[in-house]
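Open your viewer, switch on the side chains and keep the selection box handy. We will go from stop to stop, and at each one you will hear what to select and what is there.

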Amino acid sequence: NEVGGTQDNWTDHDENALIEKDGETCVLGKRKTKKAYKTNTPRGLTRNLNMAKMRPGEKLKVDFNMNGQPIGDHRATLANYCGALVKDPLNAPLYEVEQFSQIPQENKDKMWQLVLDKFDIGLDDDQEEEERKKKYMQRRKFIMESLNKKYRNFRARLKSDYYDTEETDEDRLKEENMPNFVDKKDWEWLVKYFGSEEFQKKSQRNIKNRSCLDAGHTAGSKSFAQKAEDMYKRDKVMPGLLDVYEKTHLTSDKLPVTQMASDALNEMKRLLEQRKAGEISLTNEEIYAKIKPKGKRNCRDRRTGVSPSITSLFGGFSECEKLRKEADKAMNEAAEAKKEAISVNEQNKILTKKLKDVERENKVTRHFLEKFLNTIGYNLSDFKMDEDFEESNEEYDNEEDKDEEEISGNDRRLE
C-alpha cells in the first residue's frame, strides 16, 4: 500500500553497487533512484483506449464466482477501469485526502455509476427482488474495495516514483521532478503529507508488516479468484484454499517460489498427514491460518481477488467450522436450559408435597370438627361448611392438576 508498501520495481542498493546507464557507470547510494527505463518514454497511466471506442449503451459482460469475485475475459478490463477512475482527480481527489474513506460519498456514487455504464455485472439476472438487492450490495461492496485498493496503489506509486527519489522537499517540488499527470497543488499537499510525522509512523509500521509478505507467488497478474476458476474448469472440482495456495506458490518445475513458501508448504503437508492419521482435527482454513507468514495479524484468502479476510469470508474459518461452533453454542444453551428446568422441576415437587401435607391437615381438622359438633348436637352441614370445603377442595384439585401438567411438561422437555 502507499504507506511503506512497495508495489514497484524499486530495489535498495549497497553504497558500492554500480549500474550502467546510457554508457555511464554510476555509484548508487542507499536511497532509491529513478528507474532506468529501456526506452526514453516511460509507461504512462492506463487510458483504456479500447473502452473509449465502445458504442453508447454498449456494456462488457463480467461474470462473478460464488464468492462475488470477477472472473472471465473482462475481469482485467474491469480492474483496469477502476484504476483509471481513481486516477482522475475529479473522481478521487488527492488534495487534503489521506485515505479513500475520506473521499466524498457523491464521488463514490459517481464512480459506481460509471462502472455500471460500462459493465454488465449481472444485477438484472435474478427475478426475485430480495436476491437482486443482495447481489447489488455484494457487487457494490467489491467495486468499492477495488477502487480503494487502486487508489492506495496509485498514491503508493506517486510516493515511490516521485517522492522517495529525491532527498529534499525543495527537489521534489521542482517542475522537472513532479509527476506531469498530477496537479501542482495536489502534489504540494502530498509532499507535505508524505513528510508528516503521522505518515512516517504509519510508513514504518507498514514496512514491518510488508516484510512478512515475502512468500511470493507465481500467479502473475492473474487474480487468485481466476486461478481457482481455471483449476475448476480443468479438474471439474472446485479447489480448496490449500489447493490454490500450493498451485500459486510452486514454479513450473514444482519447486517453491521462495524459502518462506517452501517452509509453508512443508508445514501444510505435515499438518495434512497428521489430520489423515487422526492426530488433529483442523479444517483447511485453520491449517492455512497456521502456515501463514509469521507477523501477519490476520489471515487473508488471496484466492478471492481483493483479499478479504478469512473471518469475513467464511464467518470464522470455514462454513463447517462456523456451523460446528454454532452447534456447540446451541448445546451449551440447551445444557443451561436443562439445568434450569431441573431446578424448576425440583421446586415444583417440593411445592406439591407441601400442598399434599396441607390437604392431609385439612382432612384431619375436618374430621375432628365433625366429631366435636356431633358431641354437642350439631352437624357440620348445618353451618354450610361442607359446600365451602368442597369448593376449596375443587379449587385445590384444579391447582394440583395444573401443577401436575407443568411437571409433566418439564419432564417431556428434559427428555
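Is D161 buried or exposed? Select D161 and show its surface: D161 is buried, as its relative accessible area is 9%, and buried means under 20%. Please keep in mind throughout that this is a predicted model.

**Stop 1: along helix α4**

Now add R157 to the selection. R157 and D161 form a salt bridge, with 3.5 Å between the closest N and O atoms. Both residues belong to helix α4, where they sit 4 residues apart, about one turn of the helix. Unlike the buried D161, R157 counts as partly exposed, at 26% relative accessibility.

Stay with this helix and select E130, which is found in helix α4 (residues 129-163). E130 is exposed, because its relative accessible area is 59% and the cut-off for exposed is over 50%. Then add E128, E129 and E131: together with E130 they form a negative surface patch.

**Stop 2: from α4 to a loop**

Next, pick Y162 and F181. Their rings make an edge-to-face aromatic pair, 6.0 Å centre to centre with 75° between the planes. Y162 lies in helix α4 and F181 in the loop between α5 (169-172) and α6 (184-194), so the pair ties together parts that are 19 residues apart in sequence. F181 counts as partly exposed, at 26% relative accessibility.

V182 is in the loop between α5 and α6 too, so click on it next: V182 is buried, with a relative accessible area of 10%. Draw a C-alpha to C-alpha distance from V182 to D88 and you will get 9.2 Å, although the two are 94 residues apart in sequence.

**Stop 3: more aromatic rings**

How many aromatic pairs does the structure hold? There are 14. One of them is Y245 with Y288, an edge-to-face pair at 5.7 Å centre to centre and 75° between the planes. This pair links distant parts of the chain, with Y245 in helix α9 (residues 241-248) and Y288 in helix α11 (residues 284-291), 43 residues apart. Y245 and Y288 are both buried.

For a group of rings, select Y95, Y163, W189, Y193, F194 and F199, which form one aromatic cluster.

**Stop 4: salt bridges elsewhere**

Side chains of opposite charge can pair when their charged atoms come close. Searching the whole structure gives 14 salt bridges. Select K61 and D120 for one that joins two strands: their side chains meet at 3.8 Å, N to O. K61 is in strand β3 (residues 60-61) and D120 in strand β6 (residues 119-120), so this pair ties together parts that are 59 residues apart in sequence. K61 counts as partly exposed at 36% relative accessibility, and D120 counts as partly exposed at 31%.

Move on to helix α7 (residues 197-210), where E198 and K202 lie 4 residues apart, about one turn of the helix. The two form a salt bridge, with their closest N and O atoms 3.7 Å apart. E198 is partly exposed, with a relative accessible area of 43%, and K202 is partly exposed at 22%.

For the last selection, type in K353, D357 and R360: these residues are linked in a network of salt bridges.

Technical notes. Residues are numbered from 1 along each chain as its sequence is written. This is a predicted model: local features need pLDDT of at least 70, side-chain atom pairs count only at pLDDT 80 or more; totals for chains, interfaces and linings use all residues. Side-chain values use heavy atoms; hydrogens and water are left out. Patches are made of residues with over 30% relative accessible area and no salt bridge: like charges are joined within 9 Å, nonpolar side chains (Val, Leu, Ile, Met, Phe, Trp, Tyr) within 5 Å. Accessible areas come from the Shrake-Rupley method with a 1.4 Å probe; for residues, only the protein chains shown count as cover. A salt bridge is a side-chain nitrogen of Lys or Arg within 4 Å of a carboxyl oxygen of Asp or Glu. Lys and Arg count as positive and Asp and Glu as negative; His and the chain ends are not counted. The place of a charge is taken as NZ of Lys, CZ of Arg, CG of Asp or CD of Glu. Helices (H or I, at least four residues) and strands (E, at least two) are DSSP runs, numbered from the N terminus. Buried means under 20% relative accessible area, exposed over 50%, partly exposed in between (1.4 Å probe, protein chains only). Rings of Phe, Tyr and Trp (its six-membered ring) pair if their centres lie within 6.5 Å; planes under 30 degrees apart count as stacked, over 60 as edge-to-face and the rest as tilted.
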